[in-house]
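Hi,

Here's the structure I said I'd pass along. Have a look first, and my notes on what turned up follow right below.

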Amino acid sequence: MTALTEHADVVVVGGGPAGSTAAALIARRGHRVVLLERESFPRYQIGESLLPATVHGVCRLLGVEEELERAGFMVKHGGTFRWGKNPEPWTFHFASSARMSGPTSYAYQVERMKFDAILLRNAARSGVDVRELAEVVTVNPDGDRVGGVTYRDAEGRTRTIEARYVLDASGNTSGLHKNVGGQRVYSPYFRNIALFGYFEGGKRLPAPRSGNILSAAFSDGWFWYIPLSETLTSVGAVVRRESADLVRGDHREALNSLVAGCPLIADMLSDATMCTTAPYDRIRTRKDYSYCDTQFWRPGMALIGDAACFVDPVFSSGVHLATYSALLAARSVNSVLAGDIGEEDAFTEFESRYRREYKLFYEFLLSFYEMHQQEDSYFWNAKRVTGSDSSELEAFVELVGGVASEEPVLARSAAEIADRAMENADRLARAVGDDPAGSSTGSLLGTGSFDEVMGEGSRLQVQSLLGDAFADSPLFEGGLAGSRDGLSWVKA
């Protein structure tokens, strides 16, 4: 049967956060974008803890910030760790960073079924032709370039789309990334296995940390504990490859056994029961999930999100890397299609910035897995890895908050900061006031360095009103800068 053929400027493969973000930001420049998603939304996905850079940066650009707020997701002010030499849990707050001390000092814990559907619907509203139950069969060459894709639609018909660009956002299990060339290199240091499930009725940390992700190390690895609602909690054990026997056999029994081996998590789940309602009734596993491809693009095609790389989830960087790479790819496509920037320059900038962000998390994680250190040593290593001029604490918070990329567009506009600065200050003051004295978890609030950071944050907010806090500049010598609206590249 002859395949049906049509034409588009861009085909995006995959409707997760990377695909929906890139598609929407390209369509908003007036380009014809077709998004092909093999499943039907809403669908289950892991990766439920967001960073402020995604919520207040990319999601602001997408125009879904208010929709996220109305969705009622758990508010995350930072993270709490039982990690390293300190026998007591310690907490960091996003507000400890001058770059996030205004109205950007929080993120969300999200049910990905709901969050991803919001982004996909937004792509459709932005003019993207969204097609679900559409599975890509082949990526088609056009000489030395990629020239489109062939896919099967929901009715089983074979169809071909010729396009200037194909963006692969199909995730870590698809083989489409091979069409770019290069190899997928798995990390020799993070060959871990995750076993995870969902519980009803788990405990919450005291306010204002009740929405924080809790990460607790134990003898065989570490746990994540993510509050998704007042009652629903995502719980996962990450164990080293040499401890793989611990996750074999009945997965439900294995997870219960691992929980029993981590006193902090066992206490949090002492009154909880495993979920029995789909899709949260299954115990799932993931392994060998830390990798990076040696090549991110070729003429006519680029890899974004998990199609390009993924790193250990201890700092919840998955959705951040996905949406940030989508923003970078959208800038490159928009600039080339407009004739403003050459393809080589545009996509070299895309890959350089994407690799830099991945490398920051990867290199810091190498030191973070050194369990014999105090938290101050982790802060120092964050400053070393990022090369930040900020304090050690700020460098750590900026890295794990997703703003170490030095992308001005990942912060709010000056007008929005002016409107909400007082509101945020009141909210933070209430949160500090509600922090119970003598609680079981340590806090960085109320310290001299915290007060200094808050003062610097106020200064930066005032500076932003004058217009120079959000002026972009190249990250690399001879490189490109982001445009004022963030949707394309400009020559410095």
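Phenylalanine 368 is a good place to start: beyond its neighbours within four places in sequence, it is in contact with Phe81, Trp83, Trp90, Val314, Phe315, Tyr378 and Phe396. Before you read too much into any of this, bear in mind that the model is predicted.

Phe368 belongs to the largest nonpolar core, which has 131 residues. Within that core, Phe368 is among the residues with the most contacts, along with Leu167, Phe315, Phe350 and Phe396. Two of those names, Phe315 and Phe396, also turn up in the contact list of Phe368. Helix 7 gives the largest share of this core, with 12 residues. Apart from it there is another core, made of 25 residues, including Leu195, Ala216, Ala254 and Ile283. As a reminder of the background, nonpolar side chains in soluble globular proteins tend to be buried together.

On the overall fold: the protein has 12 helices and 23 strands, and of its 492 residues 59% count as buried. If you take contacts with a separation of 6 or more, 73% of them are between residues 24 or more positions apart.

Now the pocket. The largest one has a volume of about 1100 Å³. Its lining comes to 50 residues, and Gln45, Gly171, Asn172, Arg286 and Asp306 are the closest to the centre. By type, the lining divides into 22 nonpolar, 17 polar and 11 charged residues. Which elements supply at least two residues each? On the helix side they include helix 1 (17-27) and helix 7 (318-337), so helix 7 shows up here as well as in the largest core. The strands include strand 2 (33-37), strand 8 (135-142), strand 12 (192-200), strand 14 (221-227) and strand 17 (284-287).

Last, the cysteines. How many disulfides does the structure hold? Zero. The pair to look at is cysteine 292 and cysteine 309: each has its closest cysteine sulfur in the other, at 4.9 Å. That is too far for a bond, because a disulfide needs the two sulfur atoms within 2.5 Å. Both cysteines are buried, cysteine 292 with a relative accessible area of 14% and cysteine 309 at 2%.

That's what I have for now. Shout if anything is unclear.

Cheers

Note on methods
Residues are numbered from 1 along each chain as its sequence is written. This is a predicted model: local features need pLDDT of at least 70, side-chain atom pairs count only at pLDDT 80 or more; totals for chains, interfaces and linings use all residues. Side-chain values use heavy atoms; hydrogens and water are left out. Buried means under 20% relative accessible area, exposed over 50%, partly exposed in between (1.4 Å probe, protein chains only). On a 1 Å grid over the protein atoms alone, a cavity is a set of points where a 1.4 Å probe fits but cannot get out, and a pocket is an open set with protein on both sides within 12 Å along at least five of seven lines; lining residues have an atom within 4 Å of a point. Grid points are joined across faces, edges and corners, and a volume is the space filled by probe spheres set on the points. Helices (H or I, at least four residues) and strands (E, at least two) are DSSP runs, numbered from the N terminus. Ala, Val, Leu, Ile, Met, Phe, Trp, Tyr, Cys and Pro count as nonpolar, Asp, Glu, Lys and Arg as charged, and the others, Gly among them, as polar. A nonpolar core is a set of buried Ala, Val, Leu, Ile, Met, Phe, Trp, Tyr and Cys residues joined through side-chain atoms within 4.5 Å. Contact means heavy atoms within 4.5 Å.
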